[in-house]
Amino acid sequence: MKRIIPFIFTLFFLTTAFGQEKPQAFKDGEWLRYKMSYSGFLRAGSAVLELKEVDLNGKKVFYTKGKGWTSGMISWFFEVDDTYESYFDLDTIKPYVFKRKINEGGYKKHTITSFDYNTNTAYVQDFLKQKDSSIAFQNVQDMLSSFYFLRNRDVSQMKKGEEIILDMFLDAQTYNLKLRFMGRQILKTKFGKIKTLIFRPLVQSGRIFKEQESVTIWITDDSNKIPVKLKADLAVGSLRAELEAHKGLANPFLKK
């Protein structure tokens, strides 16, 4: 359990976003809140993601902030307090600055990554290790900008079994993120019945997950493409994340 909840927070911010190029899938003021539960009944925590337009070095950019934390009985024996921030381009969605400050049961990280597109070099400041490093990159997204980058992609013609691959820069490394399209489903939620697209990120089977395709994500099949549900089948029990509240969506929240 000690590494499962932080993994789900990270996975949720990473992989729950697919959409069409027009209309824009998001706008200034979008706010999403999710509740997380263990084995379908025990509240495990919450996650909030918000988006704003701000100025960065004299340039208008999007700023997004994602927070994840444990609550209830789970926090009694394992407390999580994670904050992620990203500044990215209004049009291309390429990341400029990514901040990560986490505390997961005593496991801490505090880094700031700045992306220089003149040299294609990422400058990573690690405040806990008191170490700076420079890493070359090509066509990457950070953990949060990937959420918005994928939401503006056209997936209307995807067929079951097809995959989306994205390079993501995290912890001074580039990771290959792969997600498989599993089809469409009418999903019953607290907001009513919703048309959804189903994706499965490929994860490593073993100690935590039963199989490579143990994580399933349901995304609204509308112009917003926001995640409404995530389920992870674990070696023991399961974790679930569900949309609890939203505001400031760019497009109507369509229900069946």
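A charge sits over a ring if NZ of Lys or CZ of Arg is within 6 Å of the ring centre and within 35 degrees of the ring normal. With that criterion in mind, begin the tour of this predicted model by selecting W31 and K247: the charged end of K247 sits over the ring of W31, at 5.2 Å from its centre. Then select Y117 together with K94, which lies over the face of Y117, 4.5 Å from the ring centre.

**The whole chain**

Display the protein chain as a cartoon. Three helices and 14 strands are present. Of the 256 residues in the chain, 50% are buried. Among contacts between residues at least 6 apart in sequence, 51% join residues at least 24 apart. Switching to a surface view shows what the chain exposes: about 12400 Å², of which carbon and sulfur atoms supply 47%.

**The nonpolar cores**

In soluble globular proteins, nonpolar side chains tend to be buried together. The largest nonpolar core here has 57 residues, and the members touching the most others are Y148, F169, F199, L243 and F253. Select these five first. Apart from this core lies another, of seven residues; V61, Y96, V97 and I112 are among them.

Next, centre the view on F253. Which residues does F253 touch, leaving aside those up to four places away in sequence? The list consists of F191, I194, T220, D222, N224, I226, V228, L243 and H246. F253 has a relative accessibility of 16% and counts as buried, because the cut-off for that class is under 20%.

**Aromatic pairs**

Colour the rings of Phe, Tyr and Trp. The model contains 13 aromatic pairs. For one of them, select Y63 and Y87: the ring centres are 4.8 Å apart and the planes meet at 40 degrees, so this pair is tilted. Y63 belongs to strand β3 (residues 59–70) and Y87 to strand β4 (residues 80–89), so the pair ties together parts 24 residues apart in sequence. Y63 and Y87 are both buried.

Return to F253 and add F191. Their ring centres lie 5.6 Å apart with planes at 85 degrees, so the pair is edge-to-face. F191 is in the loop between β10 (173–189) and β11 (192–201), while F253 is in the segment after β14 (238–247); the pair therefore ties together parts that are 62 residues apart in sequence. Like its partner, F191 is buried, with a relative accessible area of 18% for F191 and 16% for F253.

To finish with the rings, select F26, F62, F88, F147 and Y148, which form one aromatic cluster. Y148 also appears among the residues of the largest nonpolar core that touch the most other members.

**Salt bridges**

Now show the charged side chains. The structure holds eight salt bridges. Select K59 and D89, whose closest N and O atoms are 3.6 Å apart in one such bridge. This pair links distant parts of the chain, with K59 in strand β3 and D89 in strand β4, 30 residues apart. Are the two partners buried or exposed, wholly or in part? K59 is partly exposed at 39% relative accessibility, whereas D89 is buried at 7%.

Move on to E163 and K178. Their side chains meet in a salt bridge with an N to O distance of 3.9 Å. The pair connects distant parts of the chain: E163 lies in strand β9 (residues 163–170) and K178 in strand β10, 15 residues apart. Both residues are partly exposed, K178 with a relative accessible area of 29% and E163 with 33%.

Keep E163 selected and add R180. E163 also forms a salt bridge with R180, in which the closest N and O atoms are 2.6 Å apart. Because E163 lies in strand β9 and R180 in strand β10, this pair ties together parts that are 17 residues apart in sequence. Salt bridges with shared partners join E163, K178 and R180 into one network.

**Two loop residues with positive phi**

The last stops concern the backbone. Select N57, in the loop between β2 (42–56) and β3. N57 is not a glycine, yet its phi is positive, at about 55 degrees. Its relative accessible area is 78%, and N57 is exposed.

Finally, select D171, in the loop between β9 and β10. The phi of D171 is near 55 degrees, a positive value in a residue other than glycine. D171 is partly exposed, with a relative accessible area of 28%.

Note on methods. Residues numbered from 1 in each chain as written. Predicted model: local features only at pLDDT ≥ 70, side-chain atom pairs only at ≥ 80, totals over all residues. Heavy atoms only, no water. Core = buried A, V, L, I, M, F, W, Y, C linked by side-chain atoms within 4.5 Å. Buried < 20%, exposed > 50% of the residue type's maximum accessible area, 1.4 Å probe, protein only. Contact = heavy atoms within 4.5 Å. Phe/Tyr/Trp six-rings, centres within 6.5 Å; stacked < 30°, edge-to-face > 60°. Helix = DSSP H or I, 4+ residues; strand = E, 2+ residues; numbered from the N terminus. Areas by Shrake-Rupley, 256 points an atom, 1.4 Å probe, with all protein chains shown as cover. Salt bridge = Lys/Arg side-chain N within 4 Å of Asp/Glu carboxyl O.
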